[in-house]
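Biologist: I would like a close look at one part of this model, taken slowly and set in the context of the rest of the chain. Please go through it residue by residue where that helps.

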Amino acid sequence: MYRRCSRGLLYERFLQRHGFVRAQSTVAASQKPRPDPFKTLAPKLAELRTDLISMLGSGHPAINEIAKYYFLHPSKQVRPVIVLLLAQATNGLGSDWNKKLWEAECENAGGRQEELNRPLSRPDVLNDWNPSMPANTANFDPKFAMHPAKPHRPPKPPPAYSNASVSRTLANIVLPTQRRLAQIVEMMHTASLLHDDVIDESALRRGAASAPASYGNKLSVLGGNFVLGRASAALSRLGDGEVMELISSVLPNLVEGEILQLREIKMDDDKAAVSAKHDVDVAKDILEKNISGQRSRDAWNIYLQKTYLKTASLMAKGARSAVVLGGCKEGEVWKEIAYAYGRNLGIAFQLVDDVLDYESASATLGKPGGADLQLGLATGPALYAWEEFPEIGDLIQRKFDRPGDVELARDYVLRSSGVQRTRALAQAYADKAKEVLQELPDSEAKAGLEVLTERVIGRKS
């Protein structure tokens, strides 16, 4: 028999259990100093990291070690911070908030934190052994006994409240499903790093030896796959189809972004066409400038699309998923705000990364400085420099693969305003991210999201 829980009782339980305080009034919130989101969330981030590492346990020592390798090094944790802050900034506003809260707290409703660790299938069918979770996982057994499966979650009775009659006020709490989502997005990000460091042949990551440098390429790829597998299993247990679709779509985005990064900028055919059609030098120069301008615009479009696919997609879809898990339905503005915030902040984040590749020393950045040019990548600073020094176009086309190309291209970039203009572009995206938050009610979480945009722009590593 299910116990029906009142809304007030649910709030009190969450406040007592998690140490939250209710959102203050708009006037009181506006008078408070602006919070540092990383300091405010530090205890929760530490708890998330500890629980996350336990989720990655394996009975195979090599996989167990490499799957946890990057999680044991300091990281920015920007993606979990976005999820947690947006959860706090919007929980209570969505039409289905009471339902989500009821599912999270009522006994046997299936949304509690311990429920998220229980498999939907029999452990001996999954055959996925995690020594950190012996009660919920099982290793391979040569014998298999069939027995009637017990339903994982019995049907939920309708909640004893009416959504239509509830006023929309901030709850200032984070649901267990949203906490798990924060872990999932960090797992997916870290898995992509394991793969990227193999593709890019990176020697450093976060100021230490990269996984490929420490374990080799094969184990790094397998470790990344293992982390993705555990993230996928955790995602399925959230029980929300839209969130599963959003987060699952990040994987093809990452692959498409990596392929797009390999795309070459074609020049020779354009030049041949100009020579064939025009004999007058003046007309030829005009056409070549037009072609160069179009080529530069095409390169920018590819660059920004790649930036979204490889970096901003996970931030944007993770942000939107956090709000969906809080009960926001299609057509409610909170989902749109979350996605737009994550998308703009993610692009700004990557643009700053590309600036730091020219500005920062290797030790400060935590990975080799100048890595983008070494990889043949023309990022924002180089594309802006192309407008001021057309000569760099040939270097970009051949991906800086001749001796001296990298040094020459770097010289062009540093002599141009490319770095400054890229930073200004990052600032514009960060300002847009902050702007879309204005429709949210004032709260400490909203202020934290605003501060986060400034932290992204001002970071040095």
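Which does Lys446 count as, buried or exposed? Starting from that charged residue, please then take me through the salt bridges and on to helix 13, which spans residues 241-248.

Modeller: This is a predicted model, and everything I describe is computed from it. Lys446 counts as buried, at 4% relative accessibility, and its side chain meets that of Asp442 in a salt bridge, with 3.1 Å from N to O. The partner is placed otherwise, since Asp442 has a relative accessible area of 32% and is partly exposed. In general terms, side chains of opposite charge can pair when their charged atoms come close. The structure holds 24 salt bridges, and two others of these involve Asp240 and Glu242, which lead us to helix 13.

Asp240 pairs with Lys100, and the closest N and O atoms of that salt bridge are 3.5 Å apart. Because Asp240 sits in the loop between helix 12 (217-236) and helix 13, while Lys100 belongs to helix 7 (residues 97-105), the pair ties together parts that are 140 residues apart in sequence. Both Asp240 and Lys100 are buried. Asp240 has a further contact at the start of helix 13, where one of its side-chain oxygens comes to within 3.0 Å of the backbone nitrogen of Glu242.

Glu242 in turn forms a salt bridge with Lys335, with 3.0 Å between the closest N and O atoms. Glu242 is part of helix 13 and Lys335 part of helix 17 (residues 333-359), so this pair ties together parts that are 93 residues apart in sequence. Glu242 is partly exposed, at a relative accessible area of 26%, whereas Lys335, at 1% relative accessibility, counts as buried. The pair also belongs to a network of salt bridges that links Glu242, Arg320, Glu330, Lys335 and Glu336.

Within helix 13 itself, the buried residues are Val243, Leu246 and Ile247. Viewed down the axis of the helix, the buried residues fall within an arc of 90 degrees, and therefore they line one face of it. The general background is that an α-helix has 3.6 residues a turn, so residues three or four places apart point the same way. Gly241 and Glu245, on the other side of helix 13, are exposed.

To place this part in the wider chain, consider first its overall make-up: there are 24 helices and 2 strands, and 51% of the 461 residues count as buried. The chain exposes about 21500 Å², of which carbon and sulfur atoms supply 54%. Among contacts between residues at least 6 apart in sequence, 77% join residues at least 24 apart.

The largest nonpolar core has 71 residues, and Ile82 and Tyr341 are those with the most contacts inside it. When neighbours within four places in sequence are left aside, Tyr341 is in contact with Ile82 and Leu86, with Ala433, Val436 and Leu437, and with Leu449, Leu452 and Thr453. A second core, separate from that one, has 36 residues and includes Tyr308, Leu373, Ala378 and Tyr384.

Two loop residues deserve a check of their backbone angles. Most residues other than glycine have a negative phi. Asn172, however, has a positive phi, near 55 degrees, and is found in the loop between helix 9 (123-126) and helix 10 (176-199). Its relative accessible area is 14%, and Asn172 is buried. Phe400 also has a positive phi, of about 55 degrees, although it is not a glycine, and lies in the loop between helix 21 (392-397) and helix 22 (405-415). Phe400 is buried as well, with a relative accessible area of 5%.

Helix 9 also holds Val125, which at 45% relative accessibility counts as partly exposed. The C-alpha atoms of Val125 and Asn139 are 9.4 Å apart in space, with the two residues 14 apart in sequence.

Definitions and conventions:
Residues are numbered from 1 along each chain as its sequence is written. This is a predicted model: local features need pLDDT of at least 70, side-chain atom pairs count only at pLDDT 80 or more; totals for chains, interfaces and linings use all residues. Side-chain values use heavy atoms; hydrogens and water are left out. Buried means under 20% relative accessible area, exposed over 50%, partly exposed in between (1.4 Å probe, protein chains only). Helices (H or I, at least four residues) and strands (E, at least two) are DSSP runs, numbered from the N terminus. The arc is that of the directions from the helix axis to the C-beta atoms. A polar contact is a pair of N or O atoms within 3.5 Å; within protein, one must be able to donate a hydrogen and the other to accept it, and residues adjacent in sequence count only if both atoms are side-chain atoms. Contact means heavy atoms within 4.5 Å. Accessible areas come from the Shrake-Rupley method with a 1.4 Å probe; for residues, only the protein chains shown count as cover. A nonpolar core is a set of buried Ala, Val, Leu, Ile, Met, Phe, Trp, Tyr and Cys residues joined through side-chain atoms within 4.5 Å. A salt bridge is a side-chain nitrogen of Lys or Arg within 4 Å of a carboxyl oxygen of Asp or Glu.
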